[in-house]
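User: I should like to understand how the descriptions of a structure are justified. Please set each one against its definition.

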Amino acid sequence: MSDLRIPIAYDNWATETLVDFCLGLTSQQLELTTPGTMGTVKATLVHLVAAKERYGAALRGSPPPAEAIRETTTTDLGPVKARSKALSCFFEEFARGTIDLDATVERRAADGAVQKMPMWVLLAQFLHHGDEHRAKLGLIFGANGIEPPHYSAFNWAQSLGTLA
Amino acid sequence: MGERPLDHVLRHNTWATGALIEFLGGLDPATHESASPGTYGTIERTLQHIVGAQQWYTQLLTGELIGPRVRRHGTRHTLDELALVAEATGTRVVAVAESDDHARRIELNRGRTSTVGVILAQLVHHGNEHRTQITTILGSNGIEPPPLSAWAYGRAAGISEAEE
């Protein structure tokens, strides 16, 4: 079992928590943004999950499925919850196995360009990316007077009952 | 490089905070007093919080206080001082991740406990979250922030050519 199991489980929970929270917002709230971030709540959420689709695809070695969330085609947030859950299942299973950090993986970037890299780079970036864009969502909420959900790793542990 | 998957995630965290401090050192010090709506506070306070929290997490994991105590509202430390604490604590947690039992329980405060694995996950999340707040402040003030992704870490270390 990889020592990435805990940070990956946390990433899954935090993203699903943000997805659930965003799905409860109004259409006007989904269009909110704040300077210095990457765009609206909706665009950031779609990017968060779409990027996770691409990280998962790179680790599987196969393209994202037809139903994958994509920045270019996803306009309805309805499928985001189901895809987020499916991605959590994939990453959870992945973390249970043995990870060959030096194995070469191919990653297709948002612009379609294919890059090759050792797996450890992709895994470090995957975890960083989730944190970064969840933080941007938190920033937009805070700047617009919306109390963000609590999504730290301590909050996650508390939800599991492991932080007494 | 380390042999365990989490090593790379932790090394990225240490590198990113160091790169951010170095970048801030090249700015007009008045910039360090900037803030933006929805963020944690000024750049300077947020940076102190990043380093102070990492110092606390490291103390939880090892029982050791490394460097002078850093608090967000306490003594104001120079960038050089913060860089030293960030580097020393970052190096220490890599050693912890390699050798400690991630299921070992640790007392936090007010009688609460958690595990080594959760504290490491929180350390990574916390660094990414608050560095994002600083880069957002920079961006909202018209300053192009430095690249702090794991892609950038791989390039800086000369071990990956992957790009954003």
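User: What pattern does chain B follow along the sequence?

Analyst: In this predicted model, chain B reads α-α-α-β-β-α-α along the sequence. Its secondary structure comes to five helices and two strands. Chain A has six helices and two strands, and from the N terminus on its elements run α-α-α-α-β-β-α-α.

User: How do you know what confidence the predictor has in chain B?

Analyst: Confidence in each residue is given as pLDDT, on a scale from 0 to 100. The mean pLDDT of chain B is 93, and 98% of its residues reach 70 or more. For the complex, the predictor gives an ipTM of 0.91 and a pTM of 0.93.

User: Why does the radius of gyration of chain B agree with that of a compact globule?

Analyst: The rule for a globule is 2.2 Å times the number of residues to the power 0.38. For 164 residues this gives a value near 15 Å, and chain B has 16 Å, so the two agree. The C-alpha trace of chain B spans about 45 × 40 × 25 Å along its principal axes. For chain A, also with 164 residues, the expected value is near 15 Å and the model has 16 Å, which agrees. The trace of chain A spans about 45 × 45 × 25 Å.

User: What makes a residue count as buried, and what percentage of chain B is buried?

Analyst: A residue is buried if 20 or more other C-beta atoms lie within 10 Å of its own. By that test, buried residues make up 46% of the 164 residues in chain B. In chain A, 46% of the 164 residues count as buried.

User: How do you know whether the span of helix α4 of chain B agrees with its number of residues?

Analyst: The expected span is 1.5 Å times one less than the number of residues. Helix α4 of chain B (residues 116-140) has 25 residues and should therefore span 36 Å; its end C-alpha atoms are 36 Å apart, which agrees. After α4(B) comes G142(B), whose phi is positive, near 80°.

User: Why is α4(B) called largely enclosed?

Analyst: The burial test is met by 24 of the 25 residues of α4(B), so this helix is largely enclosed by the rest of the structure.

User: What makes two residues count as touching, and how many residues of each chain take part in the contact between chain B and chain A?

Analyst: Two residues are in contact if their C-beta atoms lie within 7 Å. The contact takes 38 residues from chain B and 38 residues from chain A. On the side of chain B, α4(B) gives the most, with 14 residues. By class, that side has 13 nonpolar, 21 polar and four charged residues.

User: What makes a set of residues a nonpolar core, and which members of the largest one touch the most others?

Analyst: The members must be buried, of the nonpolar kinds allowed, and joined through C-beta atoms within 7 Å. The largest such core has 82 residues, and L45(A), L122(A), A124(A) and L120(B) touch the most other members. Helix α5 of chain A (residues 119-143) gives the most to this core, with 13 residues. Not counting residues up to four places away in sequence, L120(B) touches L6(B), V93(B) and A97(B). In soluble globular proteins, nonpolar side chains tend to be buried together.

How values were computed:
Residues numbered from 1 in each chain as written. Chains lettered and ligands numbered in written order. Helix = DSSP H or I, 4+ residues; strand = E, 2+ residues; numbered from the N terminus. Buried ≥ 20, exposed ≤ 12 C-beta atoms within 10 Å, placed from the backbone. Nonpolar A, V, L, I, M, F, W, Y, C, P; charged D, E, K, R; others polar.
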